[in-house]
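Q: I have a model open and would like a close look at a single part of it. Please start there and then work outward to the rest of the chain.

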Amino acid sequence: MQIEKVYEPQRFEPHWAQWWIDTGIFRADDHGQPGVFSLVIPPPNVTGSLHIGHMLEHTEIDVTIRWHRMRGDRTLWLPGTDHAGIATQMVVDRKLAQEGINRLELGREKFEQRVWEWKAQYGGRIKSQMIRTGASCDWSRERFTLDPGLSRAVREVFVRLYEKGLIYRGEYMVNWCPDCMTALSDLEVKAQETEGNLWHIRYPVNGTDRSIVVATTRPETLLGDTAVAVNPTDARYFDLHGRTVRLPLMDRDIPIILDELADPKFGTGAVKVTPAHDPNDFEAGKRHNLPKIQVIGETARMTAAAGPYAGLDRYEARKRVVADLEQLGLLEKVEPYTINLGKCDRSKTVVEPLISTQWFVKTKPLAEKAIEVVETGQIRFIPENWSKTYYEWMYNIRDWCISRQLWWGHRIPAWHCSGCRETVVAREAPQSCPRCGSHQLSQDPDVLDTWFSSALWPFSTLGWPDQTLDLETFYPTSLLITGFDILFFWVARMIMMGCEFMGDVPFRQVYIHGLVRDAERQKMSKTRGNTIDPLVLTETYGTDAVRMGLLMGAAPGTDIVYSDERMESARAFGNKIWNAARLLFLNMERSGVESWVPDSLESYRLKADPDAGVPIEDRWIFSRLNACAEQANRAIDQYRYHEAAQVLWHFFWDEFCDWYLELKKLRFRENSSLDAGWRNLLAAFETALRLLHPVMPFLTEELWQRLAKANPYRPLSIALCTYPQPDAAPADTEAEHEIAVLQDIVTLARALRADMKIDPRQQVEGTLYSRTVLEIAARNAAAILRLANVKLELRAGVAPSSGGAVRSTTEFDLVLHVPKTQVEAQRKRLDKEKEQLEKNIGNSRRQLSDETFLSRAPEKVVQSIRQKLGEYEAQLAKVQAALGSLEG
């Protein structure tokens, strides 16, 4: 059985990635056995390409999906992409600009056509990348948030919510992005602490020689002030109730109003009121029927209402306003002030609070049920602490602004009558106004927030509003795996919509994974220049290595620190398994065996009879394999992906390769025929491949196909094999104890040889003293000689105080004897090493006792010296012990 000498995953991974798709083995059955496990992908933006966060998320999903599929569940991982309204429109806008075309000149219909053309050309990038990285999705069910079925679902939801009074249109204060030129929801605005100023401005009180001083971080907005507010309980202003002030720079009178917006304990206790440019002022303006004067426009330039400042950029206007106030003697003082500046999450532009006519969802009625299903355990967050975060947001939820001033997206299904101003919301375009009969109807120009259609994803993708077989079979979905950054954007809204329209939760469990951070624990971002392309990693290390490297650090509730070293280690792990397979296949070839056909029993469930002549190492590996199956199943079931990866790594590297195969090599020399011991080895290896498959699917498919290619009973793919389940029988404690003793003897012998710097090729003699394990040592003398190159004499009792280098456990003392002809040379070498270590220790201690050095050296340098000192001292102790053993 031929197998290449070198592990080169890039050679076979693309083949299996495409083969899995071509064979359709991941297609979900909508009828059959009762066990169902379903999951929808958090749809990536159609504009995007895979980043390292996607790679982590998709790997965790894929591990879970493959595990359930191998357990016999009818398994669906539904893929798809999001139309990503703002992001996609910006990408196509930039492309048009390169061609010298303006979107407004092109017109809406032709622009939408260009976006669809762009999607056809570039929109499949994510899909091809996911296929290449092994995502076991059912691509026959792939969906797009703007495809006809989902568009129909969006309209249905909008109309039903409107008919229930849960969608309304009105003039409200919104977050406006001057760059994206659209309203944003609160979640799309990120607050950033910024050093600014607090300007204290005097407003002259008409009819007196007094002024009221107010403080603001945005002096340009005073041009739109329509009142000054004081608290009705503030005694400092009792005599000014009912008066007016002269608005600086604008020469108009505005009233002094009494409102709790003003806090007597903050500053002067008086505040300026600008209803058109501040959410709190907007509410105060409604309470007092104040006019709303918009002085900053949608492009962040001053409007005509700003008088002499019209046309200026908002920040240039700020400079002019401050200069003019100072010149008039109305600027009392300026002091530094830290402000939370709201920025558009996409463009990073400072948002402007503006009054705008928008569409909103009343979220509180929807949130009540969404809170209840988490409180009652119908949905469980993992880790559990995310429930608290969810409640905090849901209990304080605000109405959701769902309209966006874009062209790309789900257009709002509302039509406005030019005759009677009626607004008609309908599933299909109305022919005439139901109120006045006019045919002059125009559809609302706005589109829906991208997250509106995404909120319907778990049921719209399965065919809703039709009652489809897919919907009946796979809804509610079993699990959602996603990042914490879209907990409110998406997860909470899916729960609200699922409960409202399906009468049931959209998923039973939500697993929140962490971020992948760089080696310095910094968040990865394009601005920092520390992003990592996962496809570059897969070409360098192989996809399986990247998956394993990420999973090893994926403990629930923690972020993952990326390192090249972890990826290199994971690739070495794959290489270790490849070399183990190569050893097996070469020996199978020598024995004339083309393929392995298993016994009728599940391989590792062979509970070997101690009296049946089964080699002790086979009994041991079956017992360890059973423990590995138990731990791996439990870890994947509990989404403890790091534990699953570590358990499988330990079994393959530390137990199967480092010990079991080394012991079996002795059998190969004794007997090359395919006897029961050989069959046990192949059974253990095949079972271990199935255990590893969800984590490293490419390598395991490649090796399993080679191993079982002539087996007439095999499934088409390892992905369709049964995932090994643990046997309820107890561990083979006798075999485990015997191999543990053997491992201790060999490990301690190797450690002694290393300490004494004995050439590994040189055979040495030793004595094992024990009262409990002499028989075990005798049975395994050949293995000890082969693995440690030590010929043992066995004696009852304990080791004498002198006579050689000693290592001990609770069960034995192991003494190694240096040949007398080499004692003097060994002593000279150790003396020389001792001298150098003492010199290094002296130098390190002098540096660490030098106060001047300690005060000037970086902390990392000092820590490094301390660490090296500890290492030198530990090495010196070993050298002194080795010298002491020579004296015996």
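Is Leu249 buried or exposed? Please set out its surroundings as well.

A: Leu249 is buried. Its relative accessible area is 18%. The cut-off for buried is under 20%, so Leu249 falls within that class. Keep in mind that this is a predicted model.

Now the location. Leu249 sits in a loop. Strand 10, residues 244-247, comes before that loop. Strand 11, residues 252-258, comes after it.

The backbone deserves a look too. Leu249 has a positive phi, near 75°, and is not a glycine. In general, most residues other than glycine have a negative phi.

Ala300 offers a second case. Its phi is also positive, near 70°. Ala300 belongs to the loop that links helix 8 (279-288) with helix 9 (314-327). Ala300 counts as buried, at 4% relative accessibility.

A glycine also appears with a positive phi. Gly503 follows helix 15, and its phi is near 70°. Helix 15 covers residues 487-502 and is mostly covered itself. Of its 16 residues, 14 are buried.

Next, the cis peptide bonds. One joins Trp464 and Pro465, with omega about 15°. Pro465 is in the loop between helix 13 (457-460) and helix 14 (469-474). Another cis bond joins Tyr475 and Pro476, with omega about -5°. Pro476 lies in the loop that runs from helix 14 to strand 22 (477-483).

Now the interior. The largest nonpolar core holds 192 residues. Phe452 and Phe656 have the most contacts inside it. Helix 20, residues 641-670, gives the most to this core, with 16 residues. There is also a second, separate core of 31 residues. Its members include Val228, Leu247, Leu312 and Leu331.

Phe452 can be followed contact by contact. Setting aside residues up to four places away in sequence, Phe452 touches Val154, Val157, Phe158, Leu161 and Ile167, among others. Its list also includes Val361, Trp400, Ile402 and Met497.

Ile577 is another residue to inspect. It lies in helix 18, residues 564-590. Ile577 is buried, at 0% relative accessibility. Beyond neighbours within four places in sequence, Ile577 is in contact with Phe652, Phe685, Leu692, Leu699 and Leu703. Gly437 makes a contrast in distance. Ile577 and Gly437 are 140 residues apart in sequence. In space, their C-alpha atoms are 76 Å apart.

Then look at Arg132 and Thr543 together. Arg132 is in helix 6, residues 125-132. Arg132 carries a charge that counts as positive, yet Arg132 is buried at 15% relative accessibility. Thr543 is in helix 17, residues 543-551. Thr543 is buried too, with a relative accessible area of 0%.

These two residues touch each other. Leaving out neighbours within four places in sequence, Arg132 also contacts Glu13, Pro14, Ala17, Glu539 and Phe698. On the same basis, Thr543 contacts Glu13, Met55, Thr133, Thr538 and Phe698, besides Arg132. Glu13 and Phe698 therefore appear among the contacts of both Arg132 and Thr543, with contact meaning heavy atoms within 4.5 Å.

Finally, step back to the whole chain. It has 28 helices and 29 strands. Of its 888 residues, 53% count as buried. Its radius of gyration is 37 Å, whereas a compact globule of 888 residues would have one near 29 Å. The C-alpha trace spans about 115 × 75 × 55 Å along the principal axes.

Contacts reach across the sequence. Take those between residues at least 6 apart. Of these, 78% join residues at least 24 apart.

The surface and charges complete the view. The accessible surface comes to about 39700 Å². Carbon and sulfur atoms account for 48% of that surface. The chain has 109 positive and 120 negative charges. The mean positions of the two sets are 3 Å apart.

Terms used. Residues numbered from 1 in each chain as written. Predicted model: local features only at pLDDT ≥ 70, side-chain atom pairs only at ≥ 80, totals over all residues. Heavy atoms only, no water. Helix = DSSP H or I, 4+ residues; strand = E, 2+ residues; numbered from the N terminus. Rg over C-alpha atoms; globule rule 2.2 N^0.38 Å. Buried < 20%, exposed > 50% of the residue type's maximum accessible area, 1.4 Å probe, protein only. Areas by Shrake-Rupley, 256 points an atom, 1.4 Å probe, with all protein chains shown as cover. Charge placed at Lys NZ, Arg CZ, Asp CG, Glu CD. Core = buried A, V, L, I, M, F, W, Y, C linked by side-chain atoms within 4.5 Å.
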